[in-house]
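Biologist: Before I trust any labels on a model, I like to hear the reasoning behind them. Can we go through it together?

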Amino acid sequence: MDGGQDRGPPLLEVADLTVRFVGHEARVQALAGVSFSLRAGEVLCLLGESGSGKSVTLRALMQLLPPGRTEVAGQVRLAGQDVLALRGRALQAFRGGSVAMVFQEPMSALDPVYTIGQHLIEAIRQHRGGSRAAARARAIGLLELVKIPAAARRIDAYPHELSGGLRQRAMIALALSCTPRLLLADEPTTALDATVQIQVLILLRRLQQEFGMGTLFVTHDLAVAAEIADRVAVMYAGRIVEEGPVAAVLRAPAHPYTAALLASTVHDQAPDQDIPTIPGSPPDLGALPPGCSFAPRCALVRDACRIGPPPATHPAPGRMVRCLRSADVLATPLASLATGDYR
Amino acid sequence: MSATPMSTALADPRDRGGPAQPMLIARGLRRYFRLKGRGQAVRAVDDVSFTVFKGETLGVVGESGCGKSTLARLLLHLLVPQAGEMVFDGDLVGAARGIGIAALRQQVQMVFQDSAASLNPRMPVRDSIAFGPLAAGQSRAAARQTAEALLQQVGLRPDLFGPRYPHELSGGQKQRVNIARALALGPRMVILDEAVSALDKSVEAQVLNLLRDLKRRLNLTYLFISHDLNVVRYISERVLVMYLGQVVELGPATAVFAAPRHPYTRALLASRLSMDADRRTLEPPLQGDPPSPIDAPSGCRFRTRCPCAEAVCASRAPPLGHWEDRASHIAACHMATQGSGHTLAGAG
Ligand SMILES: Nc1ncnc2c1ncn2[C@@H]1O[C@H](COP(=O)(O)OP(=O)(O)O)[C@@H](O)[C@H]1O
Ligand SMILES: Nc1ncnc2c1ncn2[C@@H]1O[C@H](COP(=O)(O)OP(=O)(O)O)[C@@H](O)[C@H]1O
Ligand code: SF4
Ligand SMILES: [Mg+2]
Ligand SMILES: [Mg+2]
């Protein structure tokens with residue numbers, strides 16, 4: 001978790017990814033130049049509140065955005081392959097082979113009219129061929145891997161016959177069936193109860209290490225990121241505003257938005273005091289302010305912040321931040337950041 | 001943290017019982033749901049008793065399906081209890097000489113999780129808020145004034161937000177409107193059922209601050225239902241923990257969080273994420289999902305997942321104990337009952 005940049009070439013490289021939705025009335029700038037990289041065996045959390053562009057990032061990587069109404073620009077390379085140029089069969093092979101995706105709602109990946117086994121066997125045979133019997137054996141193995149009890153019996157269950165936690169595990173098994181090099185996870189534990197969420201997080205952490213997959217894990221919850229990420233990239237209004245090793249970023253955020261999000265997340269605050277909040281609301285993605293997108297809500301804003309988007313700077317090895325005043329944020333103890341006492 | 005001093009709030013003529021009389025007492029509430037085509041029933045709320053004291057926030061926690069929303073609906077008689085009784089400020093609910101359901105619903109209001117579904121999409125939010133007062137007999141002008149005053153109170157500028165339709169508001173703004181609407185008839189108690197659960201964290205913080213502020217200013221009593229233990233710890237004076245339709249632990253928030261007495265509460269607390277990447281949870285505190293409330297285990301319903309279960313746990317249901325005041329900390333576990341036959345009885 002040192003953010004070490006020199007452990008081999010990245011598995012995934014995203015450079016200046018830009019996504020615009022063009023409708024009749026409005027143009028929405030959902031992503032405004034997103035760049036990051038991910039090594040094999042690493043978990044990068046995309047952290048941000050709703051509408052910040054987390055899901056759009058994942059969907060752009062999978063080329064799942066509606067083609068007619070979306071303008072995508074930038075570079076995405078997976079193990080050197082130009083992902084945005086893939087079409088037809090090559091794209092199919094990419095989606096069902098190199099990359100797999102898990103969602104918040106398992107039923108978006110599972111078809112209610114097929115059993116768990118039918119899903120898995122179909123996916124396994126498409127990916128690596130072989131006999132039905134061999135695929136079934138492997139499917140049972142996968143269900144055991146994701147710790148579904150009585151896997152040999154549950155393989156014949158329909159999705160609706162499983163509890164929420166087991167369905168989530170079945171979807172993870174399906175994602176692993178093609179031994180992906182890259183796992184895209186979109187809030188996979190958000191709908192789960194606390195005692196089940198921690199089970200699934202621990203499971204994902206273990207599988208990700210065993211398989212050596214690179215994992216891009218989307219969450220709106222700082223606490224989930226702290227539990228699973230090696231590095232985190234904080235998104236705000238379609239940009240990554242801060243990135244770095246998870247422990248370092250949460251201990252000493254460099255961007256005012258990260259600091260404010262940390263302070264406003266309910267966690268052991270004194271019950272007799274108001275929780276610090278962020279004034280206002282995120283900008284209209286159809287009319288982003290010319291400078292820093294957070295400027296209208298930022299307690300540290302200066303005139304210079306409103307001129308152009310702040311450039312990326314590197315306050316420490318492996319850390320990146322886009323804020324003109326990050327040195328002041330870093331120099332301020334968290335406790336005073338939380339009370340807004342840092343002007 | 002304590003309730004608003006009575007001296008600052010004007011005496012409420014509806015406060016019949018005085019400060020010592022609990023706002024609400026629920027005794028032995030039960031609601032089963034029959035399953036179509038099967039002989040079985042979902043025991044959603046099964047013999048639930050508790051007290052809500054005046055001016056407090058009682059937090060209700062438990063995993064999904066444990067009966068929290070059913071309980072909320074029973075309290076408002078949106079669902080009719082199959083057994084049990086309720087006493088509101090000293091009056092038996094639904095009894096000939098007690099308080100009627102309509103009167104109860106004026107004094108107890110509810111806010112739900114889904115902020116959009118609770119508002120009429122074809123009505124400016126100002127009119128949604130004015131709807132209750134209008135129906136209760138206020139003139140059009142007076143109801144409109146009430147609505148605008150309420151918008152102001154929940155932090156939305158009436159001139160700016162009053163004329164808007166629900167789809168023109170963010171989730172947090174819609175939830176503020178729902179809170180305003182719940183307050184329109186001047187309730188004394190508000191039931192908040194996962195009211196902040198769908199909001200972004202920074203918006204959740206804003207709404208929690210608002211709820212605390214309103215409670216102080218309007219001298220309200222809250223029943224605050226949530227699956228989020230951090231939020232419940234922050235906002236509640238006392239906490240009630242549910243598991244499979246039953247109360248397993250009840251006590252002051254500080255005591256329950258510092259020294260949980262039921263193994264389920266302990267596991268729930270241990271499942272909280274640390275927010276510290278250097279202190280990750282290595283082993284899950286519990287395995288599996290909660291069992292279905294259709295065939296709940298005999299005896300203690302938690303025994304199938306409990307690390308401390310013994311023979312007595314399968315044969316007898318542990319009692320919660322009935323006496324309750326603001327300070328009592330009780331748990332329905334054989335380990336918490338002297339002489340129960342559990343080898344660890346009285347040890348914790
Ligand atoms: N298909 C679409 N058409 C138009 N706008 C979209 C579409 N998908 C997403 N958006 C917009 O893009 C922004 C980012 O969305 P998203 O990535 O889903 O956010 P989140 O961070 O919550 O996952 C939002 O403002 C959303 O409304
Ligand atoms: N109208 C209904 N018909 C049948 N079962 C129901 C109904 N309402 C709730 N239940 C069941 O009762 C149990 C408790 O549900 P609920 O009170 O919604 O729990 P919670 O709010 O704690 O998630 C669940 O098993 C649920 O499926
Ligand atoms: S660049 Fe300026 S406005 Fe943006 S976060 Fe930093 S201080 Fe605030
Ligand atoms: Mg999303
Ligand atoms: Mg509920």
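Biologist: What makes the pair formed by B:Ser69 and ligand 2 a polar contact?

Modeller: This is a predicted model, so keep that in mind. A polar side-chain atom of B:Ser69 sits 2.8 Å from an oxygen atom of ligand 2. The cut-off for a pair of N or O atoms is 3.5 Å, so the pair counts as a polar contact.

Biologist: And why is B:Cys66 put down as a polar contact of ligand 2?

Modeller: Here a polar backbone atom of B:Cys66 is 3.3 Å from a ligand 2 oxygen. That value is within 3.5 Å, so the label holds.

Biologist: How do you know that B:Thr70 belongs on the list too?

Modeller: An N or O atom in the B:Thr70 side chain lies 2.5 Å from an oxygen atom of ligand 2. With the limit at 3.5 Å, B:Thr70 qualifies, so on the list it goes.

Biologist: How much of ligand 2 does the protein bury?

Modeller: On its own, ligand 2 exposes 560 Å², and the protein buries 64% of that.

Biologist: Which elements give two or more residues to the shell around ligand 2?

Modeller: Strand S2 (41–52) and helix H1 (68–75) of chain B. H1(B) gives the most, with four residues.

Biologist: What makes B:Gly65 a neighbour of ligand 2?

Modeller: Being near takes a heavy atom within 4 Å. B:Gly65 is among the closest of the 13 residues around ligand 2, so the name fits. By type, that shell splits into five nonpolar, five polar and three charged residues.

Definitions and conventions. Residues are numbered from 1 along each chain as its sequence is written. Chains are lettered from A and ligands numbered from 1 in the order in which they are written. This is a predicted model: local features need pLDDT of at least 70, side-chain atom pairs count only at pLDDT 80 or more; totals for chains, interfaces and linings use all residues. Side-chain values use heavy atoms; hydrogens and water are left out. A polar contact is a pair of N or O atoms within 3.5 Å; within protein, one must be able to donate a hydrogen and the other to accept it, and residues adjacent in sequence count only if both atoms are side-chain atoms. Accessible areas come from the Shrake-Rupley method with a 1.4 Å probe; for residues, only the protein chains shown count as cover. Ala, Val, Leu, Ile, Met, Phe, Trp, Tyr, Cys and Pro count as nonpolar, Asp, Glu, Lys and Arg as charged, and the others, Gly among them, as polar.
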